[in-house]
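Dear colleague,

I am passing on the structure that we talked about, and below it you will find what came out of going through it. Please keep it open beside this message while you read.

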Amino acid sequence: MSVNAVAQDPPATSGPMVGHTTDSSAMIWMYAPKTSQLEISLKEVSKPNKVSRYSFDPISDPAGVLAGVPYTVTLNGLKPLTSYSYRVSVDGKSEAVHSGTFQTAPVAGKASKFRMAVTSCMKIGQPQTSWQLLLNEKPNLHVTLGDTQYSDTTNPTIQWKHHLRYRAVAEFNAVLRSTPNYAMWDDHDYGPNNSDGTAAGKENSLVGWNQVWANPESGTADTPGAFFKFTWGDVEVFMVDGRYHRSPDNAPDDDKKRMLGDSQFNWLVDGLKNSKAKFKVIASGSTLADSKNDGWRIYTFARHRLFDAIGENKISGVIYMSGDVHRSRVWTHPESDRVGYPLIEVVSSGVANSKTLSYATVDFDTTIDDPSVQVRIVHGDGKTYADKTWKLSELTPKQ
Ligand SMILES: [Fe+2]
């Protein structure tokens, strides 16, 4: 399908999508024609006779020029680790595809056992079989690390049209409405290929991005960007924005070259230092080493500064996750001595844009004496190509 075909003719409705979910709440997102009345009926799967109803609010000042607007509702007062089903109606009409399910998060800070699915690089017109394989594994949440569409522009109208057409792919739509989703952009859904902080119009990209996903936050009061953190049980995930403040890839690889920008870097390190979580995930589109022209490999100062901050502050249980390169693997970084223990990188890329059609599952278990993290790399043929487990004691600096 050509880019022009994607940009024209977006559907009138899109979603629903489950966004940020906690132990007591869940955000539901839906796109529909302006001035529609959207309602959601919600029930606990184990108590199908008790139905709660909520109304959506439209997002004001939508980015781009579109026929519709995004609507959101936050469902409050939910119970932890409880499965819910829901159905959305638009102006009193409800279609079967406007329904979904999700399970709430474990109590924040409490020991838990759960599965995170990790993807990146969703491309329309490519084989989409891996989304169903992923859903069959019943992930508790889905984290997607960029290239959620390939519009290669900062024009929010064109970006929006791509998101809407991509989300009309049934297999992708099924994931968005059936599990909580958290998203970080990479180059193709932020701006042009391999783009960085110099991209003209990035402010427009950011407005649109925050309206098209249902992440908990975006940036800080002082620092714009798509970055945010969230907690699932006693795992904390830092979704870092490797585009908005990034120095150009071709800048000299010296101590002036930045990947996150100083303010976001300090936010990340402060967050890691203050985190009480057993495992701390740093997630970004950019790989630590797999790309020779668009990743941390050519940001030596920034990479060492991050690794040294983890090492010097003796922060245990840090795991890095990335996407971008259209193949997947799990490994430990050769500069792990700076961190003080094996720095695991989970590269999950090409769920629908690669020969492998691969994704990763990450199973955390903090209910056991020595908490564990198990990483599997699964390809579109349904076979598991890597299956590795680490104990927290192995990811802890020696005193
Ligand atoms: Fe990609």
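Arg246 and Asp249 meet through their side chains in a salt bridge, with 3.2 Å from N to O, and both of these residues are buried. They do not stand alone, since salt bridges with shared partners join Asp186, Arg243, Arg246, Asp249 and Asp294 into one network. Please bear in mind throughout that this is a predicted model.

Within that network, Asp294 and Arg243 form a salt bridge of 2.8 Å, again from N to O. This pair links distant parts of the chain, as Asp294 belongs to the loop between β14 and α8 (300–312), while Arg243 belongs to the loop between β13 and α7, 51 residues apart. Both Asp294 and Arg243 are buried. As a general point, side chains of opposite charge can pair when their charged atoms come close.

In the whole structure, 14 salt bridges were found, and another one of them joins Lys278 to Asp234, whose closest N and O atoms are 3.9 Å apart. Here too distant parts of the chain are linked: Lys278 is in the loop between α7 (262–274) and β14 (279–283), and Asp234 is in the loop between β12 (228–232) and β13 (235–239), 44 residues apart. Lys278 has a relative accessible area of 33% and is therefore partly exposed, whereas Asp234, at 5%, is buried.

Which residues hold the iron ion? Its protein donors are Cys121 (SG), Asp147 (OD), Tyr150 (OH) and His326 (NE2), at 2.0 to 2.5 Å from the ion. Along the sequence, these donor residues follow the spacing C-x25-D-x2-Y-x175-H. The angles among the four donor atoms run from 86 to 161 degrees, and the site is irregular. Asp147 counts as buried because its relative accessibility is 1%, and Tyr150 counts as buried as well, at 7%.

Finally, there is an open sheet of six strands with mixed pairing, in the order β11-β10-β9-β18-β19-β20. Its edges are β11 (181–184) and β20 (384–391), and each has a single partner strand, so one side of each is left without a neighbour in the sheet. On average, and ignoring direction, neighbouring strands of this sheet are turned by 15 degrees against each other. The edge strand β20 pairs with β19 (residues 372–378) in the antiparallel sense over seven bridges, and Arg376 has Asp387 in β20 as its bridge partner.

With best wishes

Methods
Residues are numbered from 1 along each chain as its sequence is written. This is a predicted model: local features need pLDDT of at least 70, side-chain atom pairs count only at pLDDT 80 or more; totals for chains, interfaces and linings use all residues. Side-chain values use heavy atoms; hydrogens and water are left out. Donors are N, O and S atoms within 2.8 Å of the metal (3.2 Å for Na, K and Ca); water is not among the atoms, so sites may look incomplete. Four donors count as tetrahedral if all angles lie between 85 and 135 degrees; four count as square planar and six as octahedral if opposite donors are over 155 degrees apart and all others between 65 and 115; anything else is irregular. Buried means under 20% relative accessible area, exposed over 50%, partly exposed in between (1.4 Å probe, protein chains only). Two strands pair if DSSP finds at least two bridges between them. Helices (H or I, at least four residues) and strands (E, at least two) are DSSP runs, numbered from the N terminus. Axes are lines fitted to C-alpha atoms, for helices over the stretch in contact, and angles run from 0 to 180 degrees between N-to-C directions. A salt bridge is a side-chain nitrogen of Lys or Arg within 4 Å of a carboxyl oxygen of Asp or Glu.
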